[in-house]
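Reader: I've never looked at this protein before. Could you walk me through how to read it, feature by feature?

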Amino acid sequence: MAAVQDAPVEADNEKEIKTETLNDAAGNHASAAGGVIPSPPVASTSSSGPAKAGGPGSEEQQTLMAVLQFLKKNNFVGAVDVLRREAGILEDSDESQGQELAASALGGAEAGDATCTLSRASSCTTSTPAVAAAPAKGARCAVVCVSAGGEDQPDVNVVLSAYSQQGDPALYQGYYSGLKKFVESVLDCHRAELSQLFYPLFVHMYLELVYNNHETEAKAFFEKFSGDQECYYQDDLRVLSGLTKKEHMKGNETLLDFRTSKFVLRISRDSYQLLKRHLQERQNNQIWNIIQEHLYIDIFDGMPRSKSQIDSMSGSLAGEAKREANKAKVFYGLLKEPEIDVPLDDEDEEGENEEGKPKKKKPKKDSMGSKSKKQDPNAPQQNRIPLPELKDSDKLDKIMYMKEATKRIRLGPESLPSICFYTFLNAYQGLTAVDFTDDSSLIAGGFADSTVRVWSVTPKKLRSVKSAADLNLIDKESDDVLERIMDEKSASESKILYGHSGPVYGVSFSPDRNYLLSCSEDGTVRLWSLQTFTCLVGYKGHNYPVWDTQFSPYGYYFISGGHDRVARLWATDHYQPLRMFAGHLADITCTQFHPNSNYVATGSADRTVRLWDILNGNCVRIFTGHKGPIHSLAFSPNGKYLASGATDGRVLLWDIGHGLMIGELKGHTDTVYSLKFSRDGEILASGSMDNTVRLWDSIKAFDDIETDDFTAATGHIHLPENSQELLLGTYMTKSTPVIHLHFTRRNLLLAAGAYNP
């Protein structure tokens, strides 16, 4: 793999160059001050004077010394030492060389470059600069700075200053048209790959024109070429069309996202060589400069990809994921279940039934079943992350679960689940979120009027714990003490929880049914007791609305994500987050824990899904392919696969181990708002704002994938067009969008939504 980071070089001299960026607290990529600074040739250890102006390497040495002087002037001793050590410059020769080179640079013919470097570096107020060491010969070192002016945004002036280097505005249309004609003239096998260049080049050329106050040329450029872009970029282009003046660019989130993250293109080596040869022959430096500065070209050896393969992976805010981003080892297996003896029911103790015939054996659980008796070779160590110990009540619940599992219905194409729909009528408060407990005994709803409401869906009513005075009168040694502490006077079918000061966007029950989480526009996540129906803790870490929160399958931990683009991992007994997962370029709209609780998945409005390792906070998978913000995620019970749904109406299936898309389910006509696998993973249910629930054959979807496909040099497989074969059923509501799905322990499907008259 090679990354295009510098001027055109011959293929045999290409090196793999990794661009490292610094993330600030809000997850935005910090900008590079002074651009990419070329490293000098290996310096001599003698204290001779600088290279003569015009000699080989003189410009690089002048730039390097200018940066050293700037760092020393601001007393960044550590950064100076690192840069001097990497460049091989002696400390005693540094002073004299720096002064002479600065003087010659500012007074000579090369004054422009040194002045530009210094002025751009000084325009960024730095707090903790760091010099990235060059990993190999031919690589570049970059001075990276974090803006001290604002925590949420990188320094706008530095981010936008890259657009100050511009050519003749009248020629921009000619440059773009020339490239377009060239791409249309190449062989079909290369055309699809090179067409990926159009969108990022169009955006950056337009922004250059706007930044340099060429409003008329920018408008003409936009009108002429915006219609040529792929349909899935229309929302971004709509935002871009509003940026017509330089002043509009400052503070625009979409622009800063696009500028601070290199747009990633995956192109075969043959196609890349064609492009490079064309730009060299035409001496089209304007386009080449944009490719250098704003694009990351991930070059692979092998056959070029087809248009359908490219389209299936395109659409995210920053292009495709680099192949190296999905190479990390992921322990997707399940943890070994604790040994618990299940007492036999009365009916099981009877060896024979009424007719005297022996009882039938229970069918064995499917291989995709969620519970593991043996240690899975792909599973993490039991103690990889600390998990809460099982309490006696948890063990009793496990026993109940196992008993229920023996009565579970085996689902498949011939035996589809029954669906029970809970319709919220007269929900004038605005239903925004729903969750069921694992045993399906409680349902909670979050509402736009800032309330959370909890209902019992069994004959058993909701009761609060008695007051402290009454509790003192109870015999604590009695066998039914847990029943005696409940206040029968407070019994009701539902409870309302007050505390948030904005719409509630997410709710999640703890596995033991003792707690409920809710997140809101007010920037807080609240933990509610289901014993007292009061708020226990308000977790304050997000500065903006929190769109989703989810409990871990083992309890104790929970995840939250929102408008600040950072997902936070919490523990119920800590008021500060344990981990902050930064990297998304737009709002985090949904979150989901992996079944083994070692990983968490986040879906975002930047149209990517990321998988994060809880142990170290690293992003271990980046999945691209959706054409709209992602609103639902679901892991298969065996932990091997992930399903995601978005506003584009598609459900995408991902193989976590290989880091590849393995399926695409088409059928919904609106946002897919909820996804859920059946308890043994045979069925995938999807609920949408198009008022339908659809059932898909997940076993067939996963079994149809050939393992040989994963070894493809392109890192991508050809997706079969088999959505209709996998669709097992479509179930419509009268006028109720489906916002939550849940499989009971016996595989009855529960769905919920608010009637929309």
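Reader: Let me start with a helix. Which residues of α14 are buried?

Author: Before we start, keep in mind that this is a predicted model. In α14, the buried residues are Q286, I287, W288, I290, I291, Q292 and H294. That helix covers residues 285-294 and is mostly covered, with seven of its ten residues buried.

Reader: What about the whole protein: how many helices and strands are there, and what share of the residues is buried?

Author: You'll find 21 helices and 33 strands. Of the 757 residues, 53% are buried. As for the outside, the protein exposes about 34300 Å², and carbon and sulfur atoms supply 50% of that area.

Reader: And how do contacts run along the chain? What percentage of those between residues at least 6 apart join residues at least 24 apart?

Author: For contacts between residues at least 6 apart in sequence, 63% join residues at least 24 apart.

Reader: Now sheets. How do strands hold on to each other in general?

Author: Strands of a sheet pair through backbone hydrogen bonds, and the pairing is either parallel or antiparallel. Here's a case to look at: β24-β25-β26-β27 is the order of an open sheet of four strands, with antiparallel pairing. Its edge strands are β24 (630-635) and β27 (660-665), each of which pairs on one side only. On average, neighbouring strands of this sheet are turned by 25 degrees against each other, ignoring direction.

Reader: Can we zoom in on one pair there? How many bridges link β26 and β27?

Author: Five bridges, in the antiparallel sense; β26 is residues 651-655. If you want a spot to click on, take L653, whose bridge partner in β27 is G663.

Reader: Which order do the strands take in the sheet with β5?

Author: That open sheet has three strands in the order β5-β33-β32, and the pairing is mixed. β5 (419-424) and β32 are the edge strands, each pairing on one side only. Neighbouring strands here are turned by 20 degrees against each other on average, direction ignored. For the parallel part, look at β5 and β33, which pair over six bridges. Within that pairing, F421 has A751 in β33 as its bridge partner.

Reader: How about a hairpin: how many residues lie between β16 and β17?

Author: Five residues lie between the two strands of this hairpin, and G555 in the turn has a positive phi of about 75 degrees. β16 and β17 (residues 557-562) pair in the antiparallel sense over five bridges, and F551 has F558 in β17 as its bridge partner. Strand β16 (residues 546-551) is also mostly covered: five of its six residues are buried.

Reader: F551 makes me curious about its surroundings. Which residues does L527 touch, beyond its neighbours within four places in sequence?

Author: Its list includes F551, along with Y515, L516, L517, T534, C535, L536, V537, Y539 and T572. L527 sits in strand β14 (residues 524-529). The C-alpha atoms of L527 and Y539 are 8.0 Å apart, though twelve residues separate them along the chain.

Reader: Why does L527 count as buried?

Author: The cut-off for buried is under 20% relative accessible area. L527 counts as buried because its relative accessibility is 4%.

Reader: Back to helices for a moment. How far does α17 reach from its first C-alpha to its last?

Author: It reaches 22 Å, close to the 21 Å expected at 1.5 Å a residue for these 15 residues, 392-406. The buried residues of α17 are D394, D397, I399, Y401, M402 and A405.

Reader: Which side chain makes a polar contact with the side chain of D397?

Author: That's R745, at 3.3 Å. R745 lies in the loop between β32 (740-743) and β33 (749-754), and with 7% relative accessibility, R745 counts as buried. Beyond its sequence neighbours within four places, R745 also contacts residues including M400, Y401, E404 and D438.

Reader: And where is H742 found?

Author: In strand β32. H742 counts as buried, at 7% relative accessibility. Its side chain is joined to that of S440 by a polar contact of 3.2 Å. Outside its neighbours within four places in sequence, H742 has contacts that include F436, T437, D438, K676 and R679.

Conventions. Residues numbered from 1 in each chain as written. Predicted model: local features only at pLDDT ≥ 70, side-chain atom pairs only at ≥ 80, totals over all residues. Heavy atoms only, no water. Buried < 20%, exposed > 50% of the residue type's maximum accessible area, 1.4 Å probe, protein only. Pairing = 2+ DSSP bridges. Axes fitted to C-alpha atoms, helices over the stretch in contact; angles between N-to-C directions. Expected span 1.5 Å × (residues − 1). Polar contact = N/O pair within 3.5 Å; in protein donor to acceptor, adjacent residues only side chain to side chain. Contact = heavy atoms within 4.5 Å. Areas by Shrake-Rupley, 256 points an atom, 1.4 Å probe, with all protein chains shown as cover.
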